[in-house]
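Here's a set of exercises to work through with the model open in your viewer. Try each task before you read its solution.

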Amino acid sequence: MSDERIRYLQQIPVFALRQMVNDRFSGTDGEARLTVKFQSVLNRHPRRVRRAVARLTRQELTLLIEGCPEIGDAEIATYFEQYRYGSHPSFYIYLFDPAQLAADRLAGFQSRLAQALVDDNARFAADVSRGLPPLRDVLLNDFGPLPGIPGLYEGTYRFLSRLDYIDADENAISTYETLYGFFWISTTEGYATIHARKPEVLKSLRLAIEEAAGVMLTQLVISKQFKNALNFLQRDRFRSSRLYEPDPEAERFRSLTIADRRAYEKGYAEFEASYPELRSTSYRVTVVGKETTVRLTCSRGALSLAGRLEASQFRAWAVESLGEVIRVLRALSTTPGDYVRSYKLRSSPALAAYAGALQKDVVLELLAQVLTLKQAGLETGMLGRTSADLALALQGDLAAQLACTCTDPDCEEEESYLRCPVCEEPFFSLSAGDGGLQMACLQRAQHWQATLPAEVTLECGHTATIEEGMLRDDLELLPGDRCLAVMAQLVNNHIKDYQFDPLTEGFYIRGSVLHYYADKDTWLAVLPKDGGKGIYLTRVVQNIEKNYGKVIGVLPQK
């Protein structure tokens, strides 16, 4: 059996292998010939050969197909092309500034990308902590323009993934299977989308594309407003959502999952509006005449389809849905706060609390984005720096918390947070030390501090290794009292046409995205006490005035 045929047959689902056999040996005559094949290839003598086909394992089907010259390489390749992207296909959307992509960067892009992937393979090969490397040989297959869509380029890739199983003699066996994926880059719209089947491969491809193209890829964040504008998500086809509160001290639940087909009839929209962020949501959709479920991992800019689709179905849906995503993105886009930068506020006395020019620029950048989003009625906006860069610039004035995905296979927590092992403080400061980035307990650095990479214990009780690369997308920042007070004073003293009330308004940062919400302490009571009507409560935090004196000129609380 040729290696290529084996690789192809591994990617074809078992039901399709059975279909391949039954279609090739159709009719009464075909059934008789198939019975002979069972005898000669598998040494079996079934009385009902169609039922016998339905009971064959993948390994047995592979042996049977290999013993049938009637099923040629071209037919197997056709089936492979239809199912090469596997089950539950997902793609992740990243944004970049098209102006950063120089005209000549696509010349030689393919060779630079291929080399960047080869260079990163050394990292995969070195991971022998659990025996053979879990992943190997991420390689570029080809790259070129996608016909019919100007400015859109497609690349395909493959990699080896370790497959562990127990053989008939109960021996633990490890081998490798070849998996496939693709990515698109739009030089005109400024986005890249990556179909990825392993998180580690997604990271490798993202970094390689950045290096080869000379751009920074920022994860798309699908806000509540963004989600509600997508035409392919209909309220009557809602299935579930997970809502998120970034502040562990807030009165509302940290995470709230709602699953109900009639959720909108029961007031789901109020729950969604009362939470700062939508983490994920699922809806039923129709893909090329087939009913399935789409899941949006909103904080990651990822869209996933349930089940196994043919490659042509998945690609057609990806083109259509991605076009809708970009349409909504352009409709909601806005120019960052030129009106803030035009005032040249770096020399303002309000910024005297910050000594360095970088710190002043960061505060002004945050203020510009907050006022821009507020004016436009938007929820999220891109920043020009990562959350790690911002935390380093403002130190403790941006309290950092790290949401980690536990890798323990038995862990039931979808997401777990890092806490100080001494005082359980959820916030940390970030600093640059001689040995690399350092994290320290914000309450008291003497309690806990470590240089990355560092092994830590998560809320779920399992251990994890925090690496510097994790901070790029998973680090969350909440503004401290001084930062908020300075922003309010800047608005009051210099920008009379706008208001910013730090007692009610709020924002936080994840990755390179700022999330703004107009009333950070309003939440919908889960158990209303007035006969079923939603009750809204407001918790006013007075820390700013207590620590810095009265804040003058902001909107009073209503």
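**Exercise 1. Find where Pro453 sits, then work out what kind of peptide bond precedes it.**

Solution. Start with the location: in this predicted model, Pro453 is in the loop between β17 (449-451) and β18. Next, look at the bond that joins Leu452 and Pro453: omega comes out at about 0°, and the peptide bond is cis. That's worth a second look, since most peptide bonds are trans.

**Exercise 2. Carry on into β18: which residues make up its covered face, and which its uncovered one?**

Solution. Step one is the general pattern: side chains in a regular strand alternate between the two faces of the sheet. Step two is to apply that to residues 454-457, which form β18. Ala454 and Val456 are on the covered face, while Glu455 and Thr457 are on the uncovered one. Step three is the partner strand: β18 pairs with β19 (residues 463-466) in the antiparallel sense, over four bridges. Pick Ala454 and look across, and you land on Ile466, its bridge partner in β19. Finally, check the turn. Five residues lie between the two strands of this hairpin, and Gly461 takes a positive phi near 95°.

**Exercise 3. Gly461 is a glycine with a positive phi; now describe the surroundings of Asn43 and Val288, which have a positive phi without being glycines.**

Solution. Recall first that most residues other than glycine have a negative phi. Asn43 has a phi of about 60°, and you'll find this residue in the loop between α3 (27-42) and α4 (49-54). Its relative accessible area is 62%, so Asn43 is exposed. Val288 has a phi of about 50° and belongs to the loop between β9 and β10 (290-297). With 55% relative accessibility, Val288 also clears the 50% cut-off, so this residue counts as exposed.

**Exercise 4. Step back from Val288 into β9 and decide: is Ser280 buried or exposed?**

Solution. Ser280 is a residue of β9 (residues 277-287). Its relative accessible area is 5%, under the 20% cut-off, so Ser280 is buried. Now list what Ser280 touches, ignoring residues up to four places away in sequence. One run is Ser240, Ser241 and Arg242, and the other is Arg295, Leu296, Thr297 and Cys298.

**Exercise 5. Check whether the span of α7 agrees with its residue count, then find what its buried residues pack against.**

Solution. Helix α7 covers residues 109-125, 17 residues in total. At 1.5 Å a residue the span should be 24 Å, and the end C-alpha atoms are 25 Å apart, so the two agree. Then pick out the buried positions: Phe109, Leu113, Ala116, Leu117, Asp120, Asn121 and Phe124. To make sense of the spacing, remember that an α-helix has 3.6 residues a turn, so residues three or four places apart point the same way. Last, follow those buried residues outward: they pack against β2 (135-145), β4 (172-186) and α8 (199-213).

**Exercise 6. Trace the contacts of Ala16 and Glu60 beyond their sequence neighbours.**

Solution. Begin with Ala16, in helix α2 (residues 14-24). Its relative accessibility is 0%, so Ala16 counts as buried. Leaving out neighbours within four places, Ala16 is in contact with Tyr79 and Tyr83. Phe80 is 64 residues from Ala16 in sequence, yet their C-alpha atoms are 9.7 Å apart. Now do Glu60, in helix α5 (residues 58-66). With residues up to four places away excluded, Glu60 touches Leu42, Arg44 and Arg55. Glu60 and Leu42 are 18 residues apart in sequence and 7.6 Å apart, C-alpha to C-alpha.

**Exercise 7. How many cavities of 30 Å³ or more are there, and what lines the largest one?**

Solution. Searching the whole structure at that size gives three cavities. The largest has a volume of about 110 Å³. Its lining has 13 residues, and those nearest the centre are Gln219, Asp473, Arg510, Gly511 and Ser512. Sort the lining by type and you get three nonpolar, six polar and four charged residues. For the elements involved, β6 (218-219) and α15 (471-474) each contribute at least two lining residues.

**Exercise 8. Finish with the whole chain: how many helices and strands does the protein chain have?**

Solution. Count 17 helices and 24 strands. Then, of the 558 residues, 49% count as buried. Lastly, take the contacts with a separation of 6 or more: 64% of them are between residues 24 or more positions apart.

Technical notes:
Residues are numbered from 1 along each chain as its sequence is written. This is a predicted model: local features need pLDDT of at least 70, side-chain atom pairs count only at pLDDT 80 or more; totals for chains, interfaces and linings use all residues. Side-chain values use heavy atoms; hydrogens and water are left out. On a 1 Å grid over the protein atoms alone, a cavity is a set of points where a 1.4 Å probe fits but cannot get out, and a pocket is an open set with protein on both sides within 12 Å along at least five of seven lines; lining residues have an atom within 4 Å of a point. Grid points are joined across faces, edges and corners, and a volume is the space filled by probe spheres set on the points. Ala, Val, Leu, Ile, Met, Phe, Trp, Tyr, Cys and Pro count as nonpolar, Asp, Glu, Lys and Arg as charged, and the others, Gly among them, as polar. Buried means under 20% relative accessible area, exposed over 50%, partly exposed in between (1.4 Å probe, protein chains only). Two strands pair if DSSP finds at least two bridges between them. The expected span of a helix is 1.5 Å times one less than its number of residues. Contact means heavy atoms within 4.5 Å.
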